[in-house]
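Here are a few exercises to work through with the structure open beside you. Try each task before reading its solution.

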Amino acid sequence: MARFITFEGIDGSGKSTQARMLADALPSAVLTREPGGSIGAEDIRRLLVEGDPDRWSAETELLLFTAARRDHLEQTIEPALASGRDVISDRFADSTRVYQGATRGDLRAKVDALHTLMIGREPDLTLLIDMDPAVALSRGLARGSGEDRFEDFGLPFQQKLRDGFLELANEGPARWHVIDGNRPIEDVFADVKAACL
Ligand code: ADP
Ligand code: TYD
């Protein structure tokens with residue numbers, strides 16, 4: 001049966017690199033990402049990742065991420081799985097739990113309620129690429145992509161995110177694999193493959 005595999009982790013941890021390598025190793029897999037992954041969700045992505053860090057309230061941001069995810073699910077993820085293709089997504093709902101939930105603790109209940117109401121789907125397998133935030137931040141900003149709205153929140157924020165991801169993985173070990181991302185790309189990928197292939 002087709003599998004829904006997600007990569008999670010802080011900004012610059014190497015998720016996209018590993019997701020791409022896994023997609024190359026699973027030839028019929030669909031490689032996608034969040035925010036984005038469908039035409040409508042990519043439009044919403046631009047509203048989220050560009051511009052002033054204070055552009056949106058946390059609540060508005062949560063609604064935008066959820067709207068993008070719903071479109072991604074309808075247009076990309078569900079059709080691919082239904083046709084028997086594995087889906088590899090660079091981020092999914094766990095990113096919302098951590099970024100929008102863990103950093104504004106009082107929002108977590110709303111994050112969970114919206115997920116149940118509008119998404120209702122968990123991945124079959126989630127790979128957390130765990131990283132020292134100082135190293136990850138320097139990698140992420142070095143890309144100079146212009147999509148640095150979240151990186152711009154700084155190091156203590158990234159540390160909080162790392163703790164949030166590890167907490168989620170510890171709460172729900174069944175679908176989670178924690179992989180040490182602070183190693184050469186090929187070593188990280190060996191663990192990714194061992195978890196998936
Ligand atoms: P993410 O998607 O988590 O933000 P990327 O895969 O885009 O991370 O990687 C961020 C930067 O770090 C890229 O320039 C990438 O080439 C580099 N990179 C990725 N994995 C490693 C690694 N294991 N060691 C050193 N550099 C890496
Ligand atoms: P992404 O393109 O994966 O950034 P990076 O390659 O730097 O890891 O995601 C863009 C930003 O959006 C990233 O900082 C994480 C954030 N984000 C959320 O805050 N909530 C979400 O639900 C998702 C999917 C992403």
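## Exercises on a sheet and its helices

In this predicted model, phenylalanine 4 in E1 sits across from valine 87 in E3. That pair is a good place to begin.

**Exercise 1.** Find the order of the strands in the open sheet, and work out which strands stand at its edges.

*Solution.* Start from E1 and E3, which are joined in the parallel sense by four bridges. Next, turn to E4 (residues 125-130): four bridges also link this strand to E1 (residues 4-8), and the two run parallel. Two positions help you to line them up: isoleucine 5 is opposite leucine 125 in E4, and glutamate 8 is opposite leucine 128 in E4. The full order of the five strands is E2-E3-E1-E4-E5, with parallel pairing. Strand E2 (30-33) and strand E5 (176-180) are therefore the edges: each has a single partner strand, so one side of each has no neighbour in the sheet. From one strand to the next, the twist averages 20°.

**Exercise 2.** Determine which helices pack on the sheet, and how each is directed.

*Solution.* Take helix H1 (residues 15-25) to begin with: it touches E1, E2, strand E3 (87-90) and E4, and its direction makes about 155° with that of E1. Then look at helix H8 (residues 185-196), which packs on the sheet through E1, E4 and E5, its direction making about 165° with that of E4. Returning to H1, its buried residues are Lys15, Gln18, Ala19, Met21, Leu22 and Ala23. These buried residues of H1 pack against E1, E2, E3, E4 and H8.

**Exercise 3.** Decide which way the side chains of E1 point, and whether they are buried or exposed.

*Solution.* Recall that in a regular strand the side chains alternate between the two faces of the sheet. In E1, Phe4, Thr6 and Glu8 point one way, while Ile5 and Phe7 point the other way. Both groups are buried. With five of its five residues buried, E1 is therefore largely enclosed by the rest of the structure.

**Exercise 4.** Describe how H3 and H5 pack together.

*Solution.* Two packed helices are described by the angle between their axes and the distance between the axes. For helix H3 (residues 58-82) and helix H5 (residues 108-118), the angle is about 25° and the axes are 11 Å apart. Angles under 35 degrees count as roughly parallel, so H3 and H5 are roughly parallel to each other. Their crossing is right-handed. Finally, list the contact: Leu62, Leu63, Thr66 and Arg70 in H3 meet Lys110, Val111, Leu114 and Met118 in H5. By class, this contact has five nonpolar, one polar and two charged residues.

Notes: Residues numbered from 1 in each chain as written. Chains lettered and ligands numbered in written order. Predicted model: local features only at pLDDT ≥ 70, side-chain atom pairs only at ≥ 80, totals over all residues. Heavy atoms only, no water. Axes fitted to C-alpha atoms, helices over the stretch in contact; angles between N-to-C directions. Parallel < 35°, antiparallel > 145°, perpendicular 65-115°, else oblique. Left-handed = near helix turned anticlockwise from the far one by under 90°. Contact = heavy atoms within 4.5 Å. Nonpolar A, V, L, I, M, F, W, Y, C, P; charged D, E, K, R; others polar. Pairing = 2+ DSSP bridges. Buried < 20%, exposed > 50% of the residue type's maximum accessible area, 1.4 Å probe, protein only.
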